[in-house]
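Here is a short briefing on one structure. It covers charged pairs, a ligand site and enclosed space.

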Amino acid sequence: MASSLDLARRDLQTVWHPCTQMKDHEWLPMIPIVRGDGAWLHDADGRRYLDAISSWWVNLFGHANPRIAAAVSHQLGRLEHVMLAGFTHEPAIELAERLTALAPAGLTRCFYADNGSSAIEVALKMSFHYWRNAGRTRKRRFVTLTNSYHGETLGALAVGHVELYREIYQPLLMDVTSVPSPDCYLREAGESWEAHSRRMFAYMEETLARHAHEICAVIVEPLVQCAGSMRMYPATATACT
Ligand SMILES: Cc1ncc(COP(=O)(O)O)c(C=O)c1O
């Protein structure tokens, strides 16, 4: 098996990494991983690392989870892929049935995308399209929270608010309305989480009341702004309007 040093050298000759200033890797060692096991990642030299960020909060059920691996393997041997235009298959139907059963009343359909940013693009287009079909073509403005993050594609970057990711691309991004986030990071001493969030949410209510004629959707990260430094707000804040 190739050593960590060898893999790191080959990597740096051919791979560009996401959300990474590659120059940093002139002094910061790249960590090649050869296998995962629950919350642990193992490198080629026998060291292990605790994956405390769940590989960017995607790996919820642990690495090499036997149940998931068996289900994926079984499905790959039966039908690995079929286009979903004009065709369907039971796993796609069953997942949609189970997701819509969990979703709030009125959300009765699923549209599949293959990653978070694509899902955001789909949602933005769908909400614009809804109002267009309803004859309300002026409703095409998105409202977003300060410090939010929704992904790296151009639409997702536009509705995000973390300067680090978006400032270079600013000339390419659509104009959106940003309102102060109800997260509790800047909560005043003695103020409860809920009181702070409700007070901050007033900006959202005011924006919606004033610009309803041109707003097509509000986009939020439910309860925690992960990429924006794990800032949180209580569930009651989002339920107050
Ligand atoms: C809240 C949120 N939305 C969207 C995305 C984008 O997802 P993806 O990286 O799969 O494109 C992320 C990624 O971290 C995210 O945290």
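A salt bridge here is a side-chain nitrogen of Lys or Arg within 4 Å of a carboxyl oxygen of Asp or Glu. The model is predicted: local features need pLDDT of at least 70, side-chain atom pairs count only at pLDDT 80 or more, and totals for chains, interfaces and linings use all residues. Residues are numbered from 1 along each chain as its sequence is written, and side-chain values use heavy atoms, with hydrogens and water left out.

**Salt bridges**

- Side chains of opposite charge can pair when their charged atoms come close.
- The whole structure contains 12 salt bridges.
- One of them joins the side chains of Arg9 and Asp6, at 2.6 Å from N to O.
- Both Arg9 and Asp6 sit in helix 1 (residues 4-14), 3 residues apart, which is about one turn of the helix. Helices (H or I, at least four residues) are DSSP runs, numbered from the N terminus.
- Arg9 is partly exposed, at 44% relative accessible area. Asp6 is also partly exposed, at 26%. The scale is relative accessible area (1.4 Å probe, protein chains only): buried is under 20%, exposed is over 50%, and partly exposed lies in between.
- Arg210 pairs with Glu206, with the closest N and O atoms 2.5 Å apart.
- Helix 8 (residues 193-211) holds both Arg210 and Glu206, 4 residues apart, about one turn of the helix.
- Arg210 is exposed at 55% relative accessible area, whereas Glu206 is partly exposed at 43%.
- Elsewhere, Asp43, Asp45 and Arg47 form one network through salt bridges that share partners.
- Within that network, Asp45 bridges to Arg47, the closest N and O atoms being 3.4 Å apart.
- Asp45 is partly exposed at 41% relative accessibility, and Arg47 is partly exposed at 47%.

**Ligand site**

- Which residues surround the ligand? They are Trp57, Asn115, Gly116, Ser117, Tyr149, His150, Gly151 and Glu221. To count, a residue needs a heavy atom within 4 Å of the ligand.
- Oxygen atoms of the ligand take part in polar contacts, which are pairs of N or O atoms within 3.5 Å; within protein, one must be able to donate a hydrogen and the other to accept it, and residues adjacent in sequence count only if both atoms are side-chain atoms.
- Ser117 places a polar side-chain atom 2.6 Å from a ligand oxygen atom.
- Gly116 uses a backbone N or O atom, 2.8 Å from an oxygen atom of the ligand.
- Trp57 has a polar side-chain atom 3.4 Å from a ligand oxygen atom.

**Enclosed space**

- The structure holds 1 cavity of 30 Å³ or more. A cavity is a set of points, on a 1 Å grid over the protein atoms alone, where a 1.4 Å probe fits but cannot get out; lining residues have an atom within 4 Å of a point.
- The largest cavity has about 30 Å³ of space. Grid points are joined across faces, edges and corners, and the volume is the space filled by probe spheres set on the points.
- Its lining includes Ser148, Tyr149, His150, Gly151, Leu157, His161 and Arg166.
- Helix 6 (154-159) and helix 7 (163-166) are the elements that give two or more residues to this lining.
- The lining residues divide into 5 nonpolar, 5 polar and 1 charged. Ala, Val, Leu, Ile, Met, Phe, Trp, Tyr, Cys and Pro count as nonpolar, Asp, Glu, Lys and Arg as charged, and the others, Gly among them, as polar.

Terms used
On a 1 Å grid over the protein atoms alone, a cavity is a set of points where a 1.4 Å probe fits but cannot get out, and a pocket is an open set with protein on both sides within 12 Å along at least five of seven lines; lining residues have an atom within 4 Å of a point.
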